[in-house]
Amino acid sequence: MTVDSPRPTPPTAARRDIVRTHHGEEVTDSYEWLRDKTDADVVAHLEAENAYTEAMTGHLEGLRTRIFEEIKGRTRETDLSVPVRHRDWWHYTRTIEGEQYAVHARIAVGDSPERPVLDAGSVPEGEEILLDGNKEAQGLEFFSLGVYDVSPAGDLLAYAVDTSGDERFDLRVKDLGTGEVVDEAVTGIGYGSAWSADGTYLFYTRVDDAWRPFQVWRHEVGTPADADVLIYQEDDERFWMGVGTSRDDRQVMIGLGSKNTSEVRLLPAHDPLGEFRVVAPREEGVEYDVEPAAEHLWVVHNKGHRDFELAVAPIGSTSADDWRTVVPGEEGVRISGVDAFSGHLALSLRREGLTQLQILPLSADGRPVGQGYQVPVEEEVYSIETAANPTYDTDTLLVVIESLVTPSSIYELDLVSGELELLKRQPVLGGYDPADYQQHRLWATAQDGTRIPISLVARRGVSPDGTNPGLIYGYGSYEISIDPYFSVSRLSYLDRGVVYAVAHVRGGGEMGRGWYEQGRLEHKRNTFTDFVAAADELVTCGWVAPDRLAAEGRSAGGLLMGAVVNLAPEKFRVVHAGVPFVDALTTILDPSLPLTVGEWEEWGNPVASAEIYEIMRGYTPYENIRETAYPAILATTGLNDTRVFFVEPAKWVARLRETVTNDPAERPILLKTEMVAGHGGKTGRYDAWKETAFEVAFMVDQLGATELHG
């Protein structure tokens, strides 16, 4: 848009009043009609919004191209993952310059058990391609895998494909000897699968009308889908389920869980026609995960401590009474999981907002020996976790360590000696040097005095002098932690002088189960006020100029964005809300929608409780827009998103435009809808980079930080 060009006019959605009544209150919603994506008027409105967004950002086309080229130029486009042994094969993925998707391949272990050293520029001898995502996605705008599962004998591959973004998949079985698809009878399934030991049967999940995985079915390969057998159906709408196979290949596992209660069922993989047994009957408020390992069950649970503990039980256990504590719970030290191997356990923990990995050796009879050791990490702000480790009988472990400045690094850990060997560090081209950047841990003080951790990264030479542009990211729901991680695309911010921070607000899991509990249900407002406190800290300590702070969040983090711009719009110059949950009250009032009945334990039940209704009514972004100046806002969504329907940001943007006093040229309110995509946006890597470049360009333009620093 040039100076002489006429200013584009934002679309105006028609008002079609719909009245809802709950707890004696009548609320008129003029934009609820936008929910129906089969309505031609709805599609026309979304297309008009896309056209307006493009018109308002057209002047950034050159900047978008430069940022895309920065991301592409820093990425080794032809690359290989670290080979991982599973049974008699080394499995890996390859990416090829110019291709959107990964190629999944393997080579035989052969006579040497040593991990092969592969060259990304050449095809390894004996390579067998199991699945080429580029061929599968040919002619498609969207392509995503929900299942990728090789049979125990290694002769069949089960994979499931979503081609629209609605996260409903069609199952295919491929004969790896001939390359032919031998079974595509089963369609419309959910995530997860498990093979029987003999490769005759596949277990899979189905979702209900509200997209809740609620059934496990057994399919005999090569037979019609109508011959499949329903194994288990979960009728409690709070519970979701998954199916998979234990690391030792001996058990088929069904995991069931609500937000605060869980249950696990096991079936010997060699007896696919048998009956699943319950490890411990569900008990309200008790959560547990099970790791079968030979003759033992390793159980991480909260029956005795809210930050969880580790217990062991016999493989045939059917009661929590059998659980014997191995690692007791400790306040503030959250035990988040355990990986069991023939001679060791790898216990995942988090303490003071950072992840840790504890290795516990086992005796010959499978019992822990001594206290073990913690895997060391030298950086102040970091994350550590186990990588793909499908082999049970091993004396090494793949571990991933990264930070805000150190690219994702895969190490092989010698479980006996504790020594780490770097196998691969994510290559960053263009002369990237971690020493050119700095990272810090800051602490903000919330309204109630709670200390809120902040992870911060900036280019070396940027100082807290009160002049810098900055971006603060947040999430804060479901006990999900935003641990420090490296991002190639983030460098396009940092190299323009932008200070990037992550606010680890309550509602997440960074500081233990109590951190989560203080940011959910009736305490949800803490998530929003924590974020504002973190934003204030960045300004107070001088890292960010008060008029140059951006904010970003996705999904439930989009709810956070909508809430904080209602609470404190003057603190933010620009906001990106990705697939944002901004109409939370409308959604949580409708039990027929995804993210409703199962979500009542996260947000509360506003249908049954007038108190919860009032609490949610008080913070839901769509319900609380004020007549004042707001930041510039970019809302992005996907038409086929099943988790957060596109209607939420569409309604939010329409109502924002009614009320806010922004100059639409200086601080526009924009909606961008991907018309063939879901919750995660576009799937091809080049398409995803272009999407990211669009978002980054909009943000840095609003911050006045479009130029690269030396």
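# Salt bridges, strands and empty space

Arg172 is partly exposed, with 22% relative accessible area. The model is predicted. The side chain of Arg172 forms a salt bridge with that of Glu136, at 3.1 Å from N to O. The two partners come from distant parts of the chain: Arg172 sits in strand β10 (residues 170-175) and Glu136 in helix α3 (residues 133-136), 36 residues apart. Glu136 has a relative accessibility of 23% and therefore also counts as partly exposed, the class that lies between 20% and 50%.

## Charged pairs

Side chains of opposite charge can pair when their charged atoms come close. Across the whole structure, 47 salt bridges are found. Three of the pairs are set out here.

| Salt bridge | N to O distance |
|---|---|
| Arg172 and Glu136 | 3.1 Å |
| Glu601 and Arg238 | 2.8 Å |
| Glu331 and Arg306 | 2.7 Å |

Take the pair of Glu601 and Arg238, joined at 2.8 Å. Glu601 belongs to helix α9 (residues 600-603), while Arg238 is in the loop between β15 (229-233) and β16 (240-245), so the contact ties together parts that lie 363 residues apart in sequence. Glu601 is buried, at 10% relative accessible area. Arg238 is partly exposed, at 22%.

The side chains of Glu331 and Arg306 meet at 2.7 Å. Both residues are in loops: Glu331 between β23 (324-327) and β24 (333-340), Arg306 between β21 (296-301) and β22 (309-314). The pair therefore ties together parts that are 25 residues apart in sequence. Arg306 is partly exposed, with 36% relative accessibility.

Salt bridges also join up into a network. Its members are Asp29, Glu32, Arg35, Asp583 and Lys651.

## Strands and sheets

Strands of a sheet pair through backbone hydrogen bonds, either parallel or antiparallel. One open sheet here has 8 strands, in the order β32-β33-β35-β34-β36-β37-β38-β39, and its pairing is mixed. β32 (437-445) and β39 (669-674) are the edge strands, each pairing on one side only. Neighbouring strands of this sheet are turned by 20° against each other on average, direction ignored. At the β39 edge, strand β38 (residues 632-638) pairs with β39 in the parallel sense, over 6 bridges. There, Thr637 stands opposite Thr673 in β39.

Elsewhere, β24, β25 and β26 pair in turn. β24 and β25 run antiparallel and are joined by 7 bridges. They form a hairpin with 3 residues between them. Ile335 stands opposite Leu349 in β25. Next, β25 pairs with strand β26 (residues 354-361), again antiparallel, over 8 bridges. Ser348 stands opposite Leu357 in β26. The hairpin of β25 and β26 has 2 residues between its strands, and Glu352 in that hairpin takes a positive phi near 50°.

Is strand β25 enclosed or open? In β25 (residues 344-351), 7 of the 8 residues are buried, so the strand is largely enclosed by the rest of the structure.

## Pocket and cavities

Rolling a probe the size of a water molecule over the atoms shows where empty space is left. The largest pocket has a volume of about 700 Å³. Its lining counts 32 residues, and Pro83, Trp90, Arg115, Glu412 and Leu423 lie nearest its centre. By class, the lining holds 17 nonpolar, 5 polar and 10 charged residues. Four strands each supply at least two residues of this lining: β3 (79-80), β4 (84-86), β29 (396-402) and β31 (420-425). β31 gives the most, with 4 residues.

The structure also holds 5 cavities of 30 Å³ or more. The second largest encloses about 100 Å³ of space. It is lined by 14 residues, with Ala210, Arg212, Glu237, Val597 and Gly598 closest to the centre. The lining divides into 7 nonpolar, 2 polar and 5 charged residues.

## A buried proline

Pro606 is in the loop between α9 and α10 (610-619). Helix α9 is also the helix that carries Glu601. Pro606 is buried, with a relative accessible area of 0%. Between Pro606 and Asp590 there are 9.7 Å in space, C-alpha to C-alpha, and 16 residues in sequence.

Technical notes:
Residues numbered from 1 in each chain as written. Predicted model: local features only at pLDDT ≥ 70, side-chain atom pairs only at ≥ 80, totals over all residues. Heavy atoms only, no water. 1 Å grid on protein atoms, 1.4 Å probe; cavity = no way out; pocket = protein on both sides within 12 Å on 5 of 7 lines; lining within 4 Å. Points joined across faces, edges and corners; volume = space filled by probe spheres on them. Nonpolar A, V, L, I, M, F, W, Y, C, P; charged D, E, K, R; others polar. Salt bridge = Lys/Arg side-chain N within 4 Å of Asp/Glu carboxyl O. Buried < 20%, exposed > 50% of the residue type's maximum accessible area, 1.4 Å probe, protein only. Pairing = 2+ DSSP bridges. Axes fitted to C-alpha atoms, helices over the stretch in contact; angles between N-to-C directions.
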